[in-house]
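This report looks at how the helices and the sheet of one chain are put together. The sequence and the model are shown first, and the description follows.

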Amino acid sequence: MNKLPPLPVTKRYVLRLFISLKHITANVIDRKTGRVAATASSIEKSLKDEFECGRTCNTKAAATVGEVLAMRLKVDGLHREPIYANAAKEVAKKGFKIESKVWAVFNALRSRGVNLQLDSDDQGPP
């Protein structure tokens, strides 16, 4: 039996956000392997202590998570790879109250030189 080659992954790297009242985690998933290629989270000690995320996480903490993720992507050489994100989908998960946090992460990634590609249905930051 001949095995068929795997189908090409058109959007290999995707950004997934997990936002709760207290924490923000940003993961870049490699869809080819199914693994997390890079991650940053407000639960990391250095960020948690700085922003007191034990109570609530604000937009400033979200932007910092994006900056840390951008640095990790640069170290791994992934910042030039297209990383796909969908703001509408991320906001739909938790509601409009987190929209500013979603855009804070996205804008931090872009301002640090990450090749972030937004899906066509995204209108841009509020």
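In this predicted model, helix α2 passes helix α4 in a right-handed crossing. The axes of the two helices come within 7 Å and cross at roughly 30 degrees. On the α2 side the contact is made by T59, A62, A63, G66, E67, L69, A70 and L73, and on the α4 side by S100, K101, A104, V105, A108 and L109.

Helix α4 itself covers residues 99–111, and its 13 residues reach 18 Å from the first C-alpha to the last, close to the 18 Å expected at 1.5 Å a residue. Its buried residues are K101, V102, W103, A104, V105, F106, A108 and L109, and these pack against β1, β2, α2, β4, α3 and β5. After the helix comes G113, whose phi is positive, near 90 degrees.

L109 of α4 gives a local view of this packing: leaving aside its neighbours within four places in sequence, L109 is in contact with L15, G66, L69, A70, L73, V114 and L116. L109 also belongs to the largest nonpolar core, which has 31 residues and in which L15, L69, L73, F106 and L109 are those with the most contacts. At least two residues of this core are supplied by each of β1, β2, β3, α2, β4, α3 and α4, while the largest share, seven residues, comes from α2.

The sheet is open and has five strands in the order β3-β2-β1-β4-β5, with mixed pairing. Its edge strands, each of which pairs on one side only, are β3 (35–41) and β5 (116–118). From one strand to the next the twist averages 30 degrees. Within the sheet, strand β1 (residues 13–19) and strand β2 (residues 24–30) run antiparallel and are joined by seven bridges, with I19 standing opposite I24 in β2.

Two helices that pack on the sheet are set out below, each with the strands it touches and the angle between its direction and that of one strand.

| Helix | Residues | Strands touched | Angle between directions |
|---|---|---|---|
| α2 | 59–75 | β1, β2, β3 and β4 (83–85) | about 140 degrees with β3 |
| α3 | 87–94 | β1 and β4 | about 25 degrees with β1 |

Helix α2 thus appears in several parts of this description, since it packs on the sheet, passes α4 in a right-handed crossing and supplies seven residues of the largest nonpolar core.

Conventions: Residues are numbered from 1 along each chain as its sequence is written. This is a predicted model: local features need pLDDT of at least 70, side-chain atom pairs count only at pLDDT 80 or more; totals for chains, interfaces and linings use all residues. Side-chain values use heavy atoms; hydrogens and water are left out. Two strands pair if DSSP finds at least two bridges between them. Helices (H or I, at least four residues) and strands (E, at least two) are DSSP runs, numbered from the N terminus. Axes are lines fitted to C-alpha atoms, for helices over the stretch in contact, and angles run from 0 to 180 degrees between N-to-C directions. Contact means heavy atoms within 4.5 Å. The expected span of a helix is 1.5 Å times one less than its number of residues. Buried means under 20% relative accessible area, exposed over 50%, partly exposed in between (1.4 Å probe, protein chains only). A nonpolar core is a set of buried Ala, Val, Leu, Ile, Met, Phe, Trp, Tyr and Cys residues joined through side-chain atoms within 4.5 Å. A crossing is left-handed if the near helix is turned anticlockwise from the far one by less than a right angle, and right-handed if clockwise.
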